[in-house]
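Me: I have a model open in my viewer and would like a close look at a single part of it. Could you walk me through that part and then through whatever surrounds it?

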Amino acid sequence: MTDWAKKAEDQEVAKLVDQLQIQSDENTFSTRNNSCIYDLPATKNNEESEPDVADPAETSLLIKILGKGLVNTKLSLDIQQKNPNSPLHSVKTFEALHLKEELLKGIYAMGFNTPSKIQETALPTLLADPPQNMIAQSQSGTGKTAAFVLAMLSRVNVKLNHPQVLCLSPTYELAIQTGEVAARMGQFCPEIKLRFAVRGEEVERNQKITEHILIGTPGKMLDWGYKFRLFDMKKISVFVLDEADVMIATQGHHDQCLRIHKLLNQQCQMLFFSATYDREVMDFAQLIVTEPTIIRLNREQESLDNIKQYYVKCKNEEGKYNAIQNIYGCISIGQAIIFCHTRRTAAWLASKMTSDGHSVAVLSGDLTVEQRLAVLDRFRSGLQKVLITTNVLSRGIDIEQVTIVVNFDLPVDIRGNADCETYLHRIGRTGRFGKSGIAINLVSGDKCMAVCNAIEKHFKKDIHILNTDSADDIEKIGN
Ligand SMILES: Nc1ncnc2c1ncn2[C@@H]1O[C@H](COP(=O)(O)OP(=O)(O)OP(=O)(O)O)[C@@H](O)[C@H]1O
């Protein structure tokens, strides 16, 4: 374990934020005096003028790296019991779980005193005998990884020298992150051996894998377990699918996970964890996990009560820009995020604001994960007050001090209809942790007004008109 733990710690991922040095990348990204300045590329390409979308695996990685401590969710978890044998009591202490003493020591050494909501709900079922299957959902940063890692470590029989636990992640970096948690939590259990099944890791020919826990990506896991028969899939007793939504929704991963799943034996404990599940993903999960205990987030409780919403009528894009100019003084008192539909609009807006002397950061899908981390890190530390972005940032990334969200473009789906879910995610970037926040929607044209009306109707919450030419109105948002 010690070597392995060291290896995990050597990985650069967790230290990216500290180590990053932004490199100038041709003419598209440069840093001057801590501000990122976009120069519009000379030629348009399709990606820039199409809606910018987030890669869910990259978003998960960003959230994990940026996450500092536990997020205390306001939303409750619904337990939908399927298996009558499931022990559905919850625990208020880690002691009540009757864990091995070494594991308890590991938990405390990580600074955990009491279980989080998902942990207190899931752990009794995860650790129950006979083992129970589970499909669990809880927001990012609420302690899911720690919950299933504890289950993985608890199930290992160290007397058997072969893999017993498989944990699949969608990417190399996410697998490394999970491995780091396992290494830390198991630091007092030196007899438990872990191994990464990721690119770059090789096993000598004709050698069998003897480590107890394998954490990796589906392709490598299939190679090792099926193609090269380096371990016996039938001897796996715990199978964890982390980021289940990404795994199931991504075609290649989906097929590989299914193949792995088919090679496991019927008694293997199946654990699926994710921050979100849309209906298709949940249907699929329920199809392949027998009699699961299902823990789900109660989304209906999500409310916009503490966010005041406004719309500003604008003639055209220039009009929207003028509105931003008018409110800039207010929005830069706290911190603001401005959402655009495409990378191109984000780049145009950033360049225009920069040339007008405003210090803005910009983050869109053409930046690497490292560049995004650096931008977010500067924004979170307050070096820049305004962040211009796209849907790449709409979900999951919390920046506590954001007080204003501006929709330069309202979120729409491919048919041009209101995308209410994305709207909720975007404006949910403010008003975190019960604080009050402001959302300002820039509306130009009848179509856009119809989208704004549809959003208002959907959430049954008033969106008030704001005249950015009126000092009185500006004062409203300033206070
Ligand atoms: N019981 C606890 N007490 C204190 N801190 C905790 C506890 N459980 C987890 N944490 C910490 O909270 C942070 C988030 O936990 P974790 O990564 O397990 O969440 P997650 O739900 O898996 O997030 P994601 O959806 O991003 O994968 C981590 O820094 C972790 O060390």
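Reply: Let's take strand β11, where 6 of the 8 residues are buried, so the strand is largely enclosed by the rest of the structure. Please keep in mind as we go that this is a predicted model.

What encloses it? Begin with the sheet. β11 belongs to an open sheet of 7 strands, whose order is β13-β14-β12-β15-β16-β11-β17, with parallel pairing. At the edges stand β13 (360-363) and β17 (464-465); each has a single partner strand, so one side of each is left without a neighbour in the sheet.

Follow β11 on its β16 side. Residues 307-314 of β11 pair with residues 437-444 of β16 in the parallel sense, over 8 bridges. If you want to find this pairing on screen, try K313, whose bridge partner in β16 is V443. Another place to look is V312, which stands opposite L442 of β16. On the other side, β11 pairs with β17, also in the parallel sense, over 2 bridges. Here Y310 is a handy marker, since its bridge partner in β17 is H464.

Now add the helices. Helix α16 (residues 420-427) lies across β11, β12, β15 (402-407) and β16, and it runs at about 150° to β15. Helix α16 also has a helical partner: its axis and that of helix α17 (residues 446-459) come within 10 Å and cross at roughly 80°. That makes the two helices, α16 and α17, roughly perpendicular. To see where they touch, display C420, Y423 and L424 of α16, which meet I455, H458 and F459 of α17.

Elsewhere on the sheet you will find helix α14 (residues 343-355), which packs against it and touches β12 (335-339), β13 and β14 (386-389). The direction of α14 makes about 165° with that of β13.

Next, the charged side chains. Side chains of opposite charge can pair when their charged atoms come close. Counting a pair when the nitrogen of Lys or Arg is within 4 Å of a carboxyl oxygen of Asp or Glu, the model has 9 salt bridges. Among them is a network that links E317, K320 and D409.

Another salt bridge joins the side chains of K92 and E120, at 2.8 Å from N to O. K92 sits in the loop between β3 (77-80) and α5 (101-109), while E120 sits in helix α6 (residues 117-126), so the pair ties together parts that are 28 residues apart in sequence. The two partners have contrasting surroundings: K92 is exposed, with a relative accessible area of 55%, whereas E120 is buried, at 15%.

Helix α6 is worth a stop of its own. Of its 10 residues, 9 are buried, so α6 is largely enclosed by the rest of the structure. The buried ones are I118, Q119, E120, T121, A122, L123, P124, T125 and L126.

There is also an annotation to place on this region. An unreviewed UniProt entry lists residues 92-120 as "short sequence motif: Q motif". In the model, residues 92-120 are 45% helix and 0% strand, and the C-alpha atoms at the two ends are 6 Å apart.

Two further salt bridges are easy to pick out. E180 and R184 meet through their side chains at 3.2 Å, N to O. They are 4 residues apart in helix α8 (residues 172-185), which puts about one helical turn between them. E180 is buried, with a relative accessible area of 6%, and R184 is partly exposed, at 35%.

The other links E211 to R195, where the closest N and O atoms are 3.6 Å apart. E211 is in the loop between β6 (194-197) and β7 (213-216), and R195 is in strand β6, so this pair ties together parts that are 16 residues apart in sequence. E211 is buried, with a relative accessible area of 17%, and R195 also counts as buried, at 17% relative accessibility.

To come back to where we started: β11 is largely enclosed, it is paired with β16 over 8 bridges and with β17 over 2, and helix α16 lies across it. Colouring those elements separately should make the picture easy to follow.

Conventions
Residues numbered from 1 in each chain as written. Predicted model: local features only at pLDDT ≥ 70, side-chain atom pairs only at ≥ 80, totals over all residues. Heavy atoms only, no water. UniProt positions renumbered as here; feature names shortened; annotations may be inferred. Pairing = 2+ DSSP bridges. Contact = heavy atoms within 4.5 Å. Axes fitted to C-alpha atoms, helices over the stretch in contact; angles between N-to-C directions. Buried < 20%, exposed > 50% of the residue type's maximum accessible area, 1.4 Å probe, protein only. Parallel < 35°, antiparallel > 145°, perpendicular 65-115°, else oblique.
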